[in-house]
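These exercises concern pockets and helix packing in one protein chain. Work through each task with the structure open, then compare your steps with the solution.

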Amino acid sequence: MIRRTDDLSLQARARFDAIIDVRSPSEFAHDHIPGAINLPVLDDAERAEVGTIYVQRSKFLARRTGAAKVARNIAAHLDAALADRDGSFRPLVHCWRGGQRSGAMAAVMDQIGWPVTVLDGGYRTWRRRVQTAFYGAGDDLTVILLDGGTGSGKTEVLARLADRGVQTLDLEGLARHRGSLFGAWRGRPQPTQALFESGLFAVLEALDAARPVVVEAESSRIGARTVPPALWRAMGRANVIELSAPVTARAAFSARAYADIGADPDAVEAVLGRLPPHHSRDTISAWKALARSGETETLAASLIAEHYDPAYRRQSARRERPLLGRIEMSAVTPADLDQAAESVRALIGA
């Protein structure tokens, strides 16, 4: 018997051995339930072909053609991805809206004898859940911001806090971007906005609401991705812990942290060309010359002093959030970052 559900709570999802998304690869890439596996019953080219037949020839021929392709694809999945599943396998299957594609996969699984469940509403049920949490009227998120100037090691302290059992939210990791002009991850494009939100929602729903959650202070945009409204409101009212270190120390850390892009002068020059127009041509030319000569630490120090720190001071002056504490570091070495993480943990009582 094919079961049906619209319960996508964390606890409900955990009851299944696999969440199987039978949509096409491009639909899956755009967004999917975290942890789901993609076993498409029609790939992108096949969907396009069946759709063309539907529009240009007949509904019957489109369905017959689609059914043949679906049957072959399901058989291929049974012989490959699902070959090692025994009779106790409990899958949750879905497509876009819980219709024909998931129904076809579920019918075969049911005949095999697997206790299969179809997600009512399909992927759209998941998307509504995420949108309600981030775009609805709810406002119950409570976070603590980890702030500080460029090169103060916020991301590294955040990782050390997670290792120490402190609840954290790594927005840059989820967005696949380091949150600055030079922040793109080389060779790894950012997720779509919907996929970013799905990952973010999955992390948040697994946290304990009774314990503090530390989030790195970011702008409302991380690369091309936007922090959803509910989280942005929570960040706007959050208490702040600030990391502080001398410019020279932060420049040395930044040169190490951005060594990948620093090794590519052309990439650095391209980014410098996108700086705001209030920097003079001579200043930008000097920065480009430092990039070409490989003087990345000197370049980092100049950018911090003349671009990043002034912007940080302007932003800080507009904030009215309580400061829980300021952690002073003489350098930004692994030992300093370890000590900073311990200090943060003490400040929040975690």
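**Exercise 1. Describe the largest pocket of this predicted model: its volume, its centre and its lining.**

Solution.
Step 1. The volume comes to about 1,300 Å³.
Step 2. The pocket is lined by 49 residues, and Thr-150, Arg-178, Gly-179, Ser-180 and Tyr-308 are the closest to its centre.
Step 3. Now assign the lining to secondary structure. One strand, β6 (144-148), supplies at least two residues, and so does each of the helices α7 (154-163), α10 (229-236), α11 (247-257), α12 (259-262) and α15 (296-318).
Step 4. Among these elements α15 gives the most, with 10 residues.
Step 5. Sort the lining by class: 22 residues are nonpolar, 18 are polar and 9 are charged.

**Exercise 2. Which helices supply at least two residues each to the lining of the second largest pocket, and which of them gives the largest share?**

Solution.
Step 1. Locate the second largest pocket, which holds about 660 Å³ of space. Its lining has 18 residues, and those closest to the centre are Leu-42, Val-50, Arg-97, Gln-100 and Arg-101.
Step 2. The helices in question are α3 (44-56), α4 (59-79) and α5 (100-112).
Step 3. The largest share, 6 residues, comes from α4.
Step 4. By class, the lining of this second largest pocket consists of 9 nonpolar, 4 polar and 5 charged residues.

**Exercise 3. Are α3 and α4 roughly parallel or roughly antiparallel?**

Solution.
Step 1. Two packed helices are described by the angle between their axes and the distance between the axes.
Step 2. The axes of α3 and α4 come within 7 Å and cross at roughly 160°.
Step 3. Angles over 145 degrees count as roughly antiparallel, so α3 is roughly antiparallel to α4.
Step 4. The crossing of these two helices is right-handed.
Step 5. List the residues in contact. From α3 they are Glu-46, Glu-49, Val-50, Ile-53 and Tyr-54, and from α4 they are Lys-59, Leu-61, Ala-62, Thr-65, Gly-66, Lys-69 and Asn-73. Val-50 has already appeared as one of the residues closest to the centre of the second largest pocket.
Step 6. The classes in this contact are 5 nonpolar, 3 polar and 4 charged.

**Exercise 4. Classify the packing of α7 against α16 (residues 334-348).**

Solution.
Step 1. The axes lie 9 Å apart, at an angle of about 60°.
Step 2. Roughly perpendicular begins at 65 degrees and roughly parallel ends under 35, which means that α7 is oblique to α16.
Step 3. The crossing is right-handed.
Step 4. On the α7 side, the contact uses Glu-156, Val-157, Arg-160 and Leu-161. On the α16 side it uses Pro-334, Leu-337, Asp-338, Ala-340, Ala-341, Val-344 and Arg-345.
Step 5. Counting by class gives 7 nonpolar and 4 charged residues, with no polar ones.

**Exercise 5. Repeat the classification for α6 (residues 123-135) and α9 (residues 193-205).**

Solution.
Step 1. These helices pack at an angle of about 75°, with axes 10 Å apart.
Step 2. The range for roughly perpendicular is 65 to 115 degrees, and α6 and α9 are therefore roughly perpendicular to each other.
Step 3. Residues of α6 in the contact include Tyr-123, Trp-126 and Phe-134. Those of α9 include Leu-200, Phe-201 and Leu-204.
Step 4. The full contact divides into 10 nonpolar, 2 polar and 4 charged residues.

Notes. Residues are numbered from 1 along each chain as its sequence is written. This is a predicted model: local features need pLDDT of at least 70, side-chain atom pairs count only at pLDDT 80 or more; totals for chains, interfaces and linings use all residues. Side-chain values use heavy atoms; hydrogens and water are left out. On a 1 Å grid over the protein atoms alone, a cavity is a set of points where a 1.4 Å probe fits but cannot get out, and a pocket is an open set with protein on both sides within 12 Å along at least five of seven lines; lining residues have an atom within 4 Å of a point. Grid points are joined across faces, edges and corners, and a volume is the space filled by probe spheres set on the points. Helices (H or I, at least four residues) and strands (E, at least two) are DSSP runs, numbered from the N terminus. Ala, Val, Leu, Ile, Met, Phe, Trp, Tyr, Cys and Pro count as nonpolar, Asp, Glu, Lys and Arg as charged, and the others, Gly among them, as polar. Axes are lines fitted to C-alpha atoms, for helices over the stretch in contact, and angles run from 0 to 180 degrees between N-to-C directions. A crossing is left-handed if the near helix is turned anticlockwise from the far one by less than a right angle, and right-handed if clockwise. Contact means heavy atoms within 4.5 Å.
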